[in-house]
Amino acid sequence: NGLIQALDHYVWREAARQIRDWKDRLGFSVPVSVNVSRVDMYDSDIIRTLQDILDEYGLQSEDLHLEVTESAYSENTEQIIETVKRLRSLNFEIEMDDFGTGYSSLNMITTLPVDAMKLDMKFIRTAFTEKRDTHMIEVIIDIAKHLGVPTIAEGVETEEQLNALKELGCDLIQ
């Protein structure tokens with residue numbers, strides 16, 4: 001319905017507000033990851049918008065990690081990569097979200113500028129409920145290690161999943 005960009009900007013601002021609150025009340029904060037839609041990636045004002053939000057709350061780019069879905073890289077790849085490179089040059093961390101949803105080729109992955117790969121939560125659910133096979137997760141973790149970026153697993157709900165992912169070498173678990 002055309003509201004995704006307004007919703008994203010609202011979420012970015014709320015995340016920044018929360019980070020600022022933590023810094024003020026607790027004296028520290030942890031980075032918060034926020035989604036960046038494909039529409040945002042085509043917006044020529046994305047950097048200005050993000051910088052305005054950071055300035056408003058007195059934050060640095062390291063405080064806000066940006067999640068770009070794997071599928072966003074599959075359309076108009078050159079423009080997306082250029083935008084990601086500009087964001088990274090300003091020290092934004094870029095996380096490839098929903099990795100493994102089937103949109104990118106293995107060749108393309110080696111050229112994408114990302115700082116982390118987030119496993120799609122469907123992989124977690126399938127590996128631990130349907131097939132009881134974690135081999136694909138292990139392959140993705142190996143790819144991330146080869147690229148020199150951490151792997152983040154989304155949607156972990158049980159101790160069994162947590163322990164298995166740790167054993168496989170997954171770096172961060174949500």
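In strand β6, the residue I173 is the bridge partner of A153. I should state at once that we are looking at a predicted model. The strand on the other side of that pairing is β5, residues 151-153, and β5 and β6 are joined in the parallel sense over two bridges.

Let me place this pair in the whole sheet. The sheet is open and has six strands, ordered β1-β2-β3-β4-β5-β6, with parallel pairing. β1 and β6, the latter spanning residues 172-173, stand at the edges with a single partner strand each, so one side of each has no neighbour in the sheet.

I turn now to the nonpolar cores. The largest one holds 24 residues, and the members that touch the most other members are I46, L50, L66 and L87. At least two residues of this core come from each of α1 (4-26), β1 (32-36), α3 (46-57), β2 (64-69) and α4 (77-89). The greatest contribution is that of α3, with six residues. As for L66, setting aside neighbours within four places in sequence, its contacts are V34, V36, L50, L87, F92, E93, I94 and E95. There is also a second, separate core, of 22 residues; L119, I140, I141 and A153 are included in it. A153 is thus both a member of that second core and the bridge partner of I173.

My next residue is D40, in helix α2, which covers residues 38-41. Which side chain of opposite charge is nearest to D40? It is that of R38, 10 Å away; D40 is buried yet has no salt bridge. The side chain of D40 does make a polar contact, at 3.0 Å, with the side chain of S37. Not counting residues up to four places away in sequence, D40 touches Q5, D8, H9, W12 and I46. One of these, I46, returns us to the largest core, where I46 is among the residues touching the most other members.

Finally, consider V30, in the loop that lies between α1 and β1. Is V30 buried, partly exposed or exposed? Its relative accessibility is 45%, so V30 counts as partly exposed. Leaving aside neighbours within four places in sequence, V30 is in contact with I19 and W22. V30 and L64 are 34 residues apart along the chain, and 9.0 Å separates their C-alpha atoms.

Definitions and conventions
Residues are numbered from 1 along each chain as its sequence is written. This is a predicted model: local features need pLDDT of at least 70, side-chain atom pairs count only at pLDDT 80 or more; totals for chains, interfaces and linings use all residues. Side-chain values use heavy atoms; hydrogens and water are left out. Helices (H or I, at least four residues) and strands (E, at least two) are DSSP runs, numbered from the N terminus. Buried means under 20% relative accessible area, exposed over 50%, partly exposed in between (1.4 Å probe, protein chains only). Lys and Arg count as positive and Asp and Glu as negative; His and the chain ends are not counted. A salt bridge is a side-chain nitrogen of Lys or Arg within 4 Å of a carboxyl oxygen of Asp or Glu. A polar contact is a pair of N or O atoms within 3.5 Å; within protein, one must be able to donate a hydrogen and the other to accept it, and residues adjacent in sequence count only if both atoms are side-chain atoms. Contact means heavy atoms within 4.5 Å. A nonpolar core is a set of buried Ala, Val, Leu, Ile, Met, Phe, Trp, Tyr and Cys residues joined through side-chain atoms within 4.5 Å. Two strands pair if DSSP finds at least two bridges between them.
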